[in-house]
Amino acid sequence: MASFTASSVSFSAVSCSFKQNKVSSLGKASLSFSGNGSSSRRLPALRFRVSCAAKPETVNKVVEIVRKQLALPNDRDVSGESKFATLGADSLDTVEIVMGLEEEFGISVEEESAQSITTVQDAADLIEKLLEKK
Amino acid sequence: MASTMKYVRVPPNSASLAEARQRVFEFFKTACRSIPSIMEIYTLDDVTSPSQLRSVISSEIRKNAHITNPKVIDMLLFKGTEELCNIVEHSKQRHHILGQYVLNREDRTHDIGNKDQGASDFLKSFYKSNY
């Protein structure tokens, strides 16, 4: 969503002869983004999770995803306070982890919030906040 | 309908490397967010999973991680966006997706970054694959 709004801003600078296209593409674009099939399918399952989700559980899930993504061996300690950089993730890894979390929890992380994630705890807190908003 | 969603044009100039990085991340996010619809279009549910496709996309991006010229990065992004558009609007077919992104990832001789290294280029491309 964030990336699309950025591109629509640049689109308006292009030319007004494209106005028709822009309006129709915006309308269709919002449709196709909201029609993201898997997230709407996942919502019913999320309802159960929200009612019984405790913070440690979220953190554990995040740790699990991080571990799998960075292929860390089991003896490597990953806690709430571990920074992604110290675990050997570069910036693309961080984005990928965030996308994995988006898919796992059925949430959608905004551009600015994604920038601020540096530790596992940050990610878990953001997830909790987004789950509550639902 | 899917084609208009993908009118994410990359404007021609990234002012700096930092801006180019941001564009790369946005492209990656757009690609990851379209993975569910891709899996639905080409019915990839029994051959792969969203996380595997995610890692394929990130490895393709990483192949060019050593580039420092923002204009080259823009060009690569343009090509990546074009590829993503083609896939999302069903201009490709299942066997294209399978051959290029799903199967035989381990068998390919991946370049370690520096493309002109050692052995003959012809052989390298030959081993790499048809695609």
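Which residues lie nearest the centre of the largest pocket? In this predicted model, they are Ile57(B), Glu60(B), Ile61(B), Lys63(B) and Asn64(B). The lining as a whole counts 42 residues, and the space inside is about 1400 Å³.

Both chains contribute to this lining. From chain A, helix 5 (91-105) supplies at least two residues. From chain B, at least two residues each come from helix 2 (17-33), helix 3 (35-41), helix 4 (50-63), helix 5 (70-88) and helix 6 (94-102). Helix 5 of chain B gives the largest share, ten residues. Sorted by class, the lining of the largest pocket holds 23 nonpolar residues, along with eight polar and eleven charged ones.

Two loop residues are described next. Ala71(A) has a positive phi although it is not glycine, and Thr43(B) likewise has a positive phi in a residue other than glycine. The table sets out their values.

| Residue | Phi | Relative accessible area |
|---|---|---|
| Ala71(A) | near 55° | 63% |
| Thr43(B) | near 45° | 46% |

Ala71(A) sits in the loop that runs between helix 4 (55-70) and helix 5 of chain A. Its relative accessibility is 63%, and exposed means over 50%, so Ala71(A) counts as exposed. Thr43(B) belongs to the loop between helix 3 and helix 4 of chain B. Thr43(B) is partly exposed because its relative accessible area, 46%, falls between the 20% limit for buried and the 50% limit for exposed.

Conventions. Residues are numbered from 1 along each chain as its sequence is written. Chains are lettered from A and ligands numbered from 1 in the order in which they are written. This is a predicted model: local features need pLDDT of at least 70, side-chain atom pairs count only at pLDDT 80 or more; totals for chains, interfaces and linings use all residues. Side-chain values use heavy atoms; hydrogens and water are left out. On a 1 Å grid over the protein atoms alone, a cavity is a set of points where a 1.4 Å probe fits but cannot get out, and a pocket is an open set with protein on both sides within 12 Å along at least five of seven lines; lining residues have an atom within 4 Å of a point. Grid points are joined across faces, edges and corners, and a volume is the space filled by probe spheres set on the points. Helices (H or I, at least four residues) and strands (E, at least two) are DSSP runs, numbered from the N terminus. Ala, Val, Leu, Ile, Met, Phe, Trp, Tyr, Cys and Pro count as nonpolar, Asp, Glu, Lys and Arg as charged, and the others, Gly among them, as polar. Buried means under 20% relative accessible area, exposed over 50%, partly exposed in between (1.4 Å probe, protein chains only).
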